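Got your viewer open and your mouse ready? Let's take a walk through this one, a stop at a time.

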Amino acid sequence: MHDHTPKGHPAALDGHTTGHPHGMKPGDREEGGRKIWLPRLIAWELTRSCNLDCIHCRAAARFGPYPNELKTEECMKFLDDVVSFSKPIIIMTGGEPMLRDDIWDIARHGTALGLRMVMAPCGFLVTEEAAKKMIEAGIQRVSLSIDGATALSHDNFRRVPGAFASVMKAIENCKKAGLEFQVNTTISRHNIHELPQILDLVIKLGAKAHHPFLLVPTGRGAALKDLEISPEDYEKTLTWFYEMREKVPLQFKPTCAPHYYRIFRQKEKEKGRNVTQETHGLDAMSKGCMGGQTFAFVSHTGKVQICGFLETECGDIRKEPFSRIWNTSKVFQQMRAWDDYKGRCGYCEFRSVCGGCRARAFAFAGDYMEEEPFCTYEPGEAAKKARDFKKKASGG
């Protein structure tokens, strides 16, 4: 994942379904009245080696090589364990995943197991021949990043001359080979004024989806707090996303912007429309922060996190199976207990569809259970009364 966002969720199955009495999602199960959580997406950092030096890199990746990366047999064992209890989308990311010599073998193995394998390459290495190899290995979609409407804007953010041209060439090669692609965009003060132009460009290029990411200040991005847009501009930007969603001929979904799903429901309510899977498709299924609930991140050395931005280790697949970590990790359990979140996030009436960004909470407050620092919404009176009742009942 060369831009070190969680690299895009490059498939159309990430989500949360509303309307079920137990908040179940497609593929989830119940046993004895207890909800069984299943991963829908796993972002897998196969290597940290990278041929870019992006200013906002989550992993602060450089060319490498990095020591102690997962060996081929460990990668195959991980995929075997994943399919023992779930069938998530596997996002092969990095660094630059194409720098691994065994990348095609790993992709083929996942495909043979029935997993949807997708990839997040940088662009420089995506030749037409490489795009054909991806298809042969079963890779169903790639995500490529465009962070500016022009080469100057994109390359300045990437700190790599020619990065924009390389992405354009990679997209051309994907189209020649018949490989589906989506575009990710990291939004910050450097390009917020370019969003309409970037969206127009993505549509003209023929992408299947456009996933804008809101900058999360971790990795090299920790030094970029001054590039984060204000909470007020955040709200305006998410409202613009909502207004554009029905006007564009592709999937258009913000990522790492949990309270978009609060805004989405508020706006639909204003129009007198109930949000259901039947009427709203993926927008009804998707939840804001999916970390530890339907999404997980696995590092190049096998460390498990709720996402690529919250660098709190939840387990190590070299010490215990991912399936066990997913079901027993204390952090994962905390992520699923929305009522225990602190501040407004713990009693907001939209907590089950938003949840706030746990990584952003940690970056600003040092506690991943704290309230989302970039949300301006004040929960309604009913939510506040429920909070006060809960406090009184617990003697707080």
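Start by selecting Leu195, Pro196 and Leu199 in helix α6, then add Thr237, Trp240, Phe241 and Met244 in helix α7: these two groups meet. Sorted by class, the contact of α6 with α7 has six nonpolar residues, one polar and no charged ones. Keep in mind as you click around that this is a predicted model.

Now show the two helices whole: α6 covers residues 195–205 and α7 covers residues 231–244. Their axes come within 12 Å and cross at roughly 35°. The crossing is right-handed.

**Stop: tryptophan 240**

Click on tryptophan 240, which sits in helix α7. Which residues does tryptophan 240 touch, not counting those up to four places away in sequence? They are Leu195, Pro196, Leu199 and Phe252. Try the distance tool on tryptophan 240 and proline 196: C-alpha to C-alpha they are 9.6 Å apart in space, though 44 residues apart in sequence. Tryptophan 240 counts as partly exposed because its relative accessible area is 21%, and buried means under 20%.

**Stop: glutamate 235**

Stay in helix α7 and pick glutamate 235. Is glutamate 235 buried or exposed? With a relative accessible area of 18%, glutamate 235 is buried. Leaving aside neighbours within four places in sequence, glutamate 235 is in contact with His259, Arg262, Ile263 and Thr376.

**Stop: the sheet**

Next, switch to a cartoon view and look for the strands. How many strands form the open sheet? There are 10, in the order β9-β8-β7-β6-β5-β4-β3-β10-β11-β12, and the pairing is mixed. Find β9 (251–252) and β12 (315–316) at the edges: each has a single partner strand, so one side of each is left without a neighbour in the sheet.

Now step across part of the sheet, one pair at a time:

- Select β3 (residues 41–45) and β4, which pair in the parallel sense over five bridges. Alanine 43 is opposite isoleucine 91 in β4.
- Move on to β4 (residues 89–93) and β5 (residues 116–119), parallel strands joined by four bridges. Here isoleucine 89 has arginine 116 in β5 as its bridge partner.
- Then take β5 and β6 (residues 139–145), also running parallel, with three bridges between them. Look for methionine 119, whose bridge partner in β6 is valine 142.

While you have side chains showing, here is a handy rule: in a regular strand they alternate between the two faces of the sheet.

**Stop: the helices between strands**

Add helix α2 (residues 103–112) to your view of β4 and β5, and you have a right-handed β-α-β unit. Swap in helix α3 (residues 128–136) with β5 and β6 for another right-handed β-α-β unit. Then select helix α5 (residues 163–177), which lies across β6 and β7 (181–187) and runs at about 160° to β6.

**Last stop: zoom out**

Show the whole protein chain, with its 14 helices and 12 strands. What percentage of the 396 residues count as buried? The figure is 61%. Finally, take contacts between residues at least 6 apart in sequence: 71% of them join residues at least 24 apart. You've already clicked on one pair of residues that far apart in sequence, tryptophan 240 and proline 196, at 44 residues.

Key:
Residues are numbered from 1 along each chain as its sequence is written. This is a predicted model: local features need pLDDT of at least 70, side-chain atom pairs count only at pLDDT 80 or more; totals for chains, interfaces and linings use all residues. Side-chain values use heavy atoms; hydrogens and water are left out. Two strands pair if DSSP finds at least two bridges between them. A crossover is right-handed if, with the strands pointing away from the viewer, the path from the first strand over the helix to the second runs clockwise. Axes are lines fitted to C-alpha atoms, for helices over the stretch in contact, and angles run from 0 to 180 degrees between N-to-C directions. A crossing is left-handed if the near helix is turned anticlockwise from the far one by less than a right angle, and right-handed if clockwise. Contact means heavy atoms within 4.5 Å. Ala, Val, Leu, Ile, Met, Phe, Trp, Tyr, Cys and Pro count as nonpolar, Asp, Glu, Lys and Arg as charged, and the others, Gly among them, as polar. Buried means under 20% relative accessible area, exposed over 50%, partly exposed in between (1.4 Å probe, protein chains only).
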